[in-house]
Amino acid sequence: MILDKIDELLKEVSNLSAKNAEEIEQLRLRFLSKKGEINALMADFRNVAADEKKTVGIKINELKQLAISRINELKEQFETAESENDDIDLTRTAYPIKLGTRHPLTIVKNEIIDIFQRMGFTLAEGPEIDDDLHVFTKLNFAADHPARDMQDTFFVETNPNDVAKNVILRSHTSNDQAHYMETHQPPIRVICPGRVYRNEAISARAHCFFHQVEGLYIDKNVSFTDLKQVLLSFAREMFGPDTKIRLRPSYFPFTEPSAEMDVSCTICGGKGCSLCKGEGWLEILGCGMVDPNVLEACGIDSKVYTGYAFGMGVERITNLKYRVADLRMFSENDTRFLHEFESAY
């Protein structure tokens, strides 16, 4: 009988619980006080048969140690919870939550997108990991073009038998345009933002990844004059109504004719300063008329349709707007730097 009673108490003690300090004290008195359950068992111990005394004694001791241990655990849990609540002043207003800020690149990228969307461009995005076919081949890059070299492009997987199937990290967002032209027929008017990668040494003026925004417009009778007017409108929206632009002849595999566009210096207004190195002009983007070879490669009839394309670096535009001297600051996640742009949006 006494062994059955001990077994019942062992089960009960194993599952002890309490909601407050008063309940813990009641449990202590019930099991461990002079008039408690365990002392009552020890009083009955003298009536146990001699051959059972050893077994019963071990069981009673086990019960006592379990009761002490379990009650002490409940005390510790209650004291820990109580101490954690000591730091909370329920009479105070809610703790202020410090809000994050948008990254300066995000601010400028969204501003660029907004300007072109108001001109009728729609948003299109593509993969950062792509094949050579869409990053280079369909964009009229020659097989021996330097951009295909390992020094410029990050290769994920190479295919010796078919260069067009090489898997790479895109080095420009023009691959988005190739994908879009494959799946859509003109008229096409899209803006393509994204991150790109190039195998370059990281410094204050260069990084192995950066961000671009590219635009593409294809329709009947699109001319270079249309391109110039769109870019002039963009420059004045971005840098101010007095901004001037100039287009200089250049070369890009996917456009012909091609040009690089400068804007009048945002600091000196074209008079010459340290930012523009005394020239009064700052380069911001490349542009041109889409090469007929690109149109044909993407399934668009170049005899019926013409178009223009342009591309700019978001970091470049951000530097001109906010005069950030070191490109590395954009990717270091220094909150002191990021909080400088709280009022920029």
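The following paragraphs lead through the cores, a helix, a pocket and a set of paired strands in this predicted model. Residues are numbered from 1 along each chain as its sequence is written, and side-chain values use heavy atoms, with hydrogens and water left out. As the model is predicted, local features need pLDDT of at least 70 and side-chain atom pairs count only at pLDDT 80 or more, while totals for chains, interfaces and linings use all residues.

The largest nonpolar core (buried Ala, Val, Leu, Ile, Met, Phe, Trp, Tyr and Cys residues joined through side-chain atoms within 4.5 Å) has 44 residues, and Ile-112, Phe-116, Ile-284, Tyr-308, Phe-310 and Met-312 touch the most other members. Buried here means under 20% relative accessible area, exposed over 50% and partly exposed in between, with a 1.4 Å probe and protein chains only. Among the elements that each supply at least two residues of this core are helix H5 (104–118), strand S6 (209–219), helix H8 (224–239), strand S9 (281–290) and strand S10 (306–313). H8 gives the most, with 8 residues. Helices (H or I, at least four residues) and strands (E, at least two) are DSSP runs numbered from the N terminus. Contact means heavy atoms within 4.5 Å; leaving aside neighbours within four places in sequence, Met-312 is in contact with residues including Ile-112, Phe-116, Phe-234, Ile-284 and Ile-317. Apart from the largest core lies another, of 23 residues, among them Met-181, Ile-188, Leu-295 and Tyr-305.

Helix H10 (314–322) also supplies at least two residues of the largest core. Its buried residues are Val-314, Glu-315, Ile-317, Thr-318, Asn-319 and Leu-320, and what covers them includes H5, S6, H8, S9 and S10. Just after H10, Arg-323 takes a positive phi of about 55°.

Glu-315 also belongs to the lining of the second largest pocket, where Glu-315, Leu-105, Arg-195, Phe-210 and His-211 lie nearest the centre among 20 lining residues. H5, strand S5 (188–197), S6 and H10 each supply at least two residues of that lining.

Strand S8 (255–264) is another contributor to the largest core. This strand is largely enclosed by the rest of the structure, because 8 of its 10 residues are buried. S7 (residues 245–252) and S8 pair in the antiparallel sense over 7 bridges, where pairing requires that DSSP finds at least two bridges between two strands. A hairpin joins S7 to S8 through 2 residues, and Ser-250 has Ser-258 in S8 as its bridge partner. S8 and S9 run antiparallel and are joined by 8 bridges; the bridge partner of Ser-264 in S9 is Trp-281.

Conventions:
1 Å grid on protein atoms, 1.4 Å probe; cavity = no way out; pocket = protein on both sides within 12 Å on 5 of 7 lines; lining within 4 Å.
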